[in-house]
Amino acid sequence: MQATLAGSQAAWLRAVDEWINDLDMRSDGRENRRKLARVIGFNADWKTLTTNTLTWATISERTDMSRATVARHLLALHEAGWIGRVAAGRSAAAKQAAGWKGDDAFINDAPVYALTQPVDDAAVDINETPPTVSGYKEFPARAHEAETPPGAATRPYPSKAADGRPNAVPAHRKLPAWPGHVTPTSKDEKILAGREWAHLVPALRKLSDEHLRFLAKDFFTAGWTLRDLIVALDNLPDGRAHGQFVDGQWVPYSGADGIPAARLGHWVSWRLNAWRDSTGNVCESPTQRRTRRSNRAKVERAARLRATEERQKSIREAMATDEAKVARQACLTQMKNRSRLRIGRKGFLLKP
């Protein structure tokens, strides 16, 4: 399978995700392959688009899969043209057997994988080698794609391929570009988060993923998630829905469906700025607020429990003293004497 170096991490992750959606395999196998591909994609250097820290043991630990399953999915990605093995890994035992000395002889060398994209063998011109550009993010391909010859097979449309699956997985099933409860950190992760934000809020599809990343970058830096951004677009920090006062009453109004694309970015910034303080810093997100209140409630419950236990302990210690024992015995004796008294018919106290 001919392959060319991918343009970027984000483009590679999107392409691999679409390829996995088209696979005719069980849903659990498809999820494992997607999980492994994301581990490789997110750990690749954004300049060279290669990984040099992922051993099979590391991938197995992060994906919760056995080494045999990891090897099988890596082979499938390699044969399909989605990863290229630049350098093979080497165990510490193999290095020592080969005569290595020093501290490096006791360290396992991770294999080096490159993020690639498959190219049709029949539509590749291998006679031209383009120049390389040092430090440039989108490296040129080793071979460029020529015009597709007549009669060449075309890739099936994703929905048609999905509709032909023999299992019961929905045809248009697709994992989110970025989980709504996870805070993105790198630039590529924030671009993926912007793409998912537009997917969850259709009114934002007029803006590009890069523009949405720019609008939310301060909030992502402050630890916000996509779920927090969606809540902030609809609600104020005091819990009210966005709106305005009309005749002295607060009247909520809807979102950005009728706002043109040229003004949509200003509208998003205006609504998100309600979650900034007087100095312009981002306030705590709804998730952070819930977490803080939950932690405070846990601390208060723990303090009340400790106070109750200490009070019970002090009572037990007080009851264990000699004075408490004497008083308890006197109380028992008095109760026993009272039980021996009987009241006669004429109201006299009689002893049995």
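Tryptophan 12 is buried, with 0% relative accessible area, and this residue of helix α1 is a good place to enter the predicted model. Setting aside neighbours within four places in sequence, tryptophan 12 is in contact with Ala6, Ala37, Ile40, Gly41, Trp82, Ile83, Leu115, Thr116 and Gln117. Leucine 49 is 37 residues away along the chain from tryptophan 12, yet their C-alpha atoms are separated by 9.7 Å.

## The chain as a whole

Let us step back for a moment. The chain has 352 residues, and 31% of them are buried. Its secondary structure comes to 12 helices and 10 strands. About 22,400 Å² of the chain is exposed, with carbon and sulfur atoms supplying 54% of that area. If you take the contacts between residues at least 6 apart in sequence, 61% of them join residues at least 24 apart.

## Helix α1 against helix α7

Two packed helices are described by the angle between their axes and the distance between the axes. Here, helix α1, residues 9–21, packs with helix α7, residues 187–200, at an angle of about 50°, and the axes are 9 Å apart. Why is α1 called oblique to α7? The angle of about 50° falls outside the ranges for roughly parallel (under 35 degrees), roughly perpendicular (65 to 115) and roughly antiparallel (over 145), so it counts as oblique.

On the α1 side, the contact is made by Gln9, Ala10, Leu13 and Arg14, and on the α7 side by Asp188, Leu192 and Arg195. Sorted by class, this contact of α1 with α7 holds three nonpolar, one polar and three charged residues.

Helix α7 also contains glutamate 196. Is glutamate 196 buried or exposed? Its relative accessibility is 8%, so glutamate 196 counts as buried, the cut-off for that label being under 20%. Glutamate 196 and leucine 226 are 30 residues apart in sequence, with 8.2 Å between their C-alpha atoms.

## Leucine 229 in helix α9

Leucine 229 belongs to helix α9, which covers residues 226–234. With 0% relative accessibility, leucine 229 counts as buried. What does leucine 229 touch, not counting residues up to four places away in sequence? The list is Trp197, Ala216, Phe219, Phe220, Trp224 and Leu272. For one of these, tryptophan 197, the C-alpha atom is separated from that of leucine 229 by 8.4 Å, while the two residues are 32 apart along the chain.

The C-alpha separations mentioned so far, along with one for alanine 68, can be set side by side:

| Residue pair | Apart in sequence | C-alpha to C-alpha |
|---|---|---|
| Tryptophan 12 and leucine 49 | 37 residues | 9.7 Å |
| Glutamate 196 and leucine 226 | 30 residues | 8.2 Å |
| Leucine 229 and tryptophan 197 | 32 residues | 8.4 Å |
| Alanine 68 and tryptophan 56 | 12 residues | 9.5 Å |

Alanine 68, in the last row, is placed in helix α4. At 54% relative accessibility, alanine 68 counts as exposed, because that label applies over 50%.

## Positive phi angles

Most residues other than glycine have a negative phi. Some residues in this model do otherwise, and they are worth a look if you plan to go through the backbone.

Leucine 49, met above as a partner of tryptophan 12 in a C-alpha pair, has a positive phi of about 55° although it is not a glycine. Leucine 49 lies in the loop between α2 (27–42) and β2 (50–51). At 0% relative accessibility, leucine 49 counts as buried.

Aspartate 64 also has a positive phi, near 60°, and is a residue other than glycine. It sits in the loop between α3 (56–63) and α4 (67–79). Aspartate 64 counts as exposed, with a relative accessibility of 71%.

## The hairpin of β7 and β8

A further positive phi, near 55°, is found at aspartate 247, in the hairpin of β7 and β8, where two residues lie between the strands. How do strands β7 and β8 pair? Strand β7 (residues 243–246) and strand β8 (residues 249–252) run in the antiparallel sense, paired over four bridges. Within this pairing, glutamine 244 stands opposite valine 251 in β8, and phenylalanine 245 stands opposite tryptophan 250 in β8. As a general point, side chains in a regular strand alternate between the two faces of the sheet.

Methods: Residues are numbered from 1 along each chain as its sequence is written. This is a predicted model: local features need pLDDT of at least 70, side-chain atom pairs count only at pLDDT 80 or more; totals for chains, interfaces and linings use all residues. Side-chain values use heavy atoms; hydrogens and water are left out. Axes are lines fitted to C-alpha atoms, for helices over the stretch in contact, and angles run from 0 to 180 degrees between N-to-C directions. Contact means heavy atoms within 4.5 Å. Ala, Val, Leu, Ile, Met, Phe, Trp, Tyr, Cys and Pro count as nonpolar, Asp, Glu, Lys and Arg as charged, and the others, Gly among them, as polar. Two strands pair if DSSP finds at least two bridges between them. Buried means under 20% relative accessible area, exposed over 50%, partly exposed in between (1.4 Å probe, protein chains only). Accessible areas come from the Shrake-Rupley method with a 1.4 Å probe; for residues, only the protein chains shown count as cover.
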